[in-house]
Amino acid sequence: MSYLFTPPAPISVPIRGLSERFPVRRIYCVGRNYEEHAKEMGFTGREPPFFFLKPADALVVVEDGQTGALPYPSLTQNYHHEIELVVAIGQGGRNIPAAQALEHVYGYAVGLDMTRRDLQNEMKKQGRPWCIGKAFDHSAPIGAITPAAQAGDIMNAEISLQVNGADRQRSHISKLIWNIAETIEHLSTAWELQPGDLIYSGTPEGVAAVVPGDTLVGQVTGIGSLTMKVSP
Ligand code: MN
């Protein structure tokens, strides 16, 4: 087989303790999955989960112990952080019941759902797709994946984000409106999940803007941290 031009290299994320890497297929994201964040965005109550996607090549993959570079994106004056627990799917399926959903999880990572909030808000107002606000280049930083068996009690882990050493977001995975198993149940009714899929599970309250020069440190207890520096 020959190609018109060189196909892009496969996108992959390091796995803690292994030399093999996790090859990425798709990135699914869950919207408004913590009550206090839903409130700060102007919504209340438990609504069915909803999803959007980012392209796999929007990932900024940060090797363990490194600081990732996060280029300030074009077109925005309000570039927001959203710290999230990322679920790495190791076994695919459709219509996966919540009771079996965790068997489909390979591991977990710390991720950031970076958002051009001004563009997202404008698209919301006009009833248009969120892509320009959510699915832009470099919008999905991620750290190394920790296999589920080594991730400890992830469902009760603390999730936090500091910017320049000051707390911005701090909550617990137990506060997810739709927990990881329920999220997989819902998502797999709409798409057939495959190994290599990532799910950004939603962000707690405290989302706010960052600017060039800022350093972001995200953490989820038991699966390590993710450090990013915003570049001009
Ligand atoms: Mn998000």
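## Cysteines

With a relative accessibility of 0%, C29 counts as buried. C29 takes part in no disulfide, and the nearest cysteine sulfur, which belongs to C131, is 11 Å away. Seen from the other end, C131 is likewise in no disulfide, with the sulfur of C29 as its nearest cysteine sulfur at 11 Å. A disulfide is a covalent bond between the sulfur atoms of two cysteines. In this structure, which is a predicted model, there are zero disulfides.

## Nonpolar cores

Let us turn to the interior. The largest nonpolar core has 41 residues, and the members touching the most others are Y108, I184, L216 and V220. Several strands and a helix each supply at least two residues of this core: strand 3 (27–31), strand 8 (83–89), strand 9 (105–112), strand 13 (158–163), helix 5 (180–190), strand 16 (215–220) and strand 17 (224–231). Another core lies apart from it and holds 18 residues, including V13, F22, L59 and W130.

## The manganese site

Which residues donate to the manganese ion? The protein donors are E82 (OE), E84 (OE) and D113 (OD), at 2.0 to 2.2 Å from the ion. Along the sequence these donor residues follow the spacing E-x1-E-x28-D. E82 sits in the loop between strand 7 (79–80) and strand 8, while D113 sits in the loop between strand 9 and strand 10 (115–116), so this pair ties together parts that are 31 residues apart in sequence. Both E82 and D113 are buried.

## A salt-bridge network around E82

E82 appears again among the salt bridges, of which the structure holds 13. The side chains of E82 and R117 meet in one of them, at 2.8 Å from N to O. With E82 in the loop between strand 7 and strand 8 and R117 in helix 3, the pair ties together parts that are 35 residues apart in sequence. E82 and R117 are both buried. A network of salt bridges links K54, E82, D113, R117 and K134, and two of the manganese donors, E82 and D113, are named in it.

K134 deserves a closer look. This residue is found in helix 4 and is buried, with a relative accessible area of 2%. Setting aside neighbours within four places in sequence, K134 is in contact with F52, K54, E82, D113, M114, T115, R117, Q120 and S139.

## Helix 3 and its covered face

Helix 3 spans residues 117–126, and within it R117, L119, Q120 and M123 are buried. Where do the buried residues of helix 3 fall, seen down its axis? They lie within an arc of 160 degrees, so they line one face of the helix. Among the elements covering these residues are strand 7, strand 10 and helix 4 (131–134). After helix 3 comes G127, which has a positive phi near 70 degrees.

## Salt bridges elsewhere

D64 pairs with R16 in a salt bridge whose closest N and O atoms are 2.8 Å apart. This pair links distant parts of the chain: D64 is in the loop between strand 5 (59–61) and strand 6 (67–71), R16 is in the loop between strand 1 (12–14) and strand 2 (21–23), and they are 48 residues apart. D64 is partly exposed, with a relative accessible area of 44%.

K39 and E35 form a salt bridge too, with their closest N and O atoms 3.6 Å apart. These two residues are four apart in helix 1, and are therefore separated by about one helical turn. K39 is partly exposed at 40% relative accessibility, and E35 is partly exposed with a relative accessible area of 44%.

## Backbone at R32 and N95

Most residues other than glycine have a negative phi. Against that background, R32 stands out with a positive phi near 40 degrees. R32 lies in the loop between strand 3 and helix 1 (35–40) and counts as buried at 16% relative accessibility. N95, not a glycine either, has a positive phi of about 50 degrees, and its place is the loop between strand 8 and helix 2 (98–101).

R32 also has a partner in F43, from the loop between helix 1 and strand 4 (50–54). Not counting residues up to four places away in sequence, F43 touches R32 and A38. F43 and R32 are 11 residues apart in sequence, and their C-alpha atoms are 8.6 Å apart in space. F43 is partly exposed, with a relative accessible area of 32%.

Notes:
Residues are numbered from 1 along each chain as its sequence is written. This is a predicted model: local features need pLDDT of at least 70, side-chain atom pairs count only at pLDDT 80 or more; totals for chains, interfaces and linings use all residues. Side-chain values use heavy atoms; hydrogens and water are left out. A nonpolar core is a set of buried Ala, Val, Leu, Ile, Met, Phe, Trp, Tyr and Cys residues joined through side-chain atoms within 4.5 Å. Buried means under 20% relative accessible area, exposed over 50%, partly exposed in between (1.4 Å probe, protein chains only). Donors are N, O and S atoms within 2.8 Å of the metal (3.2 Å for Na, K and Ca); water is not among the atoms, so sites may look incomplete. The arc is that of the directions from the helix axis to the C-beta atoms. Contact means heavy atoms within 4.5 Å. A disulfide is a pair of cysteine sulfur atoms within 2.5 Å. A salt bridge is a side-chain nitrogen of Lys or Arg within 4 Å of a carboxyl oxygen of Asp or Glu.
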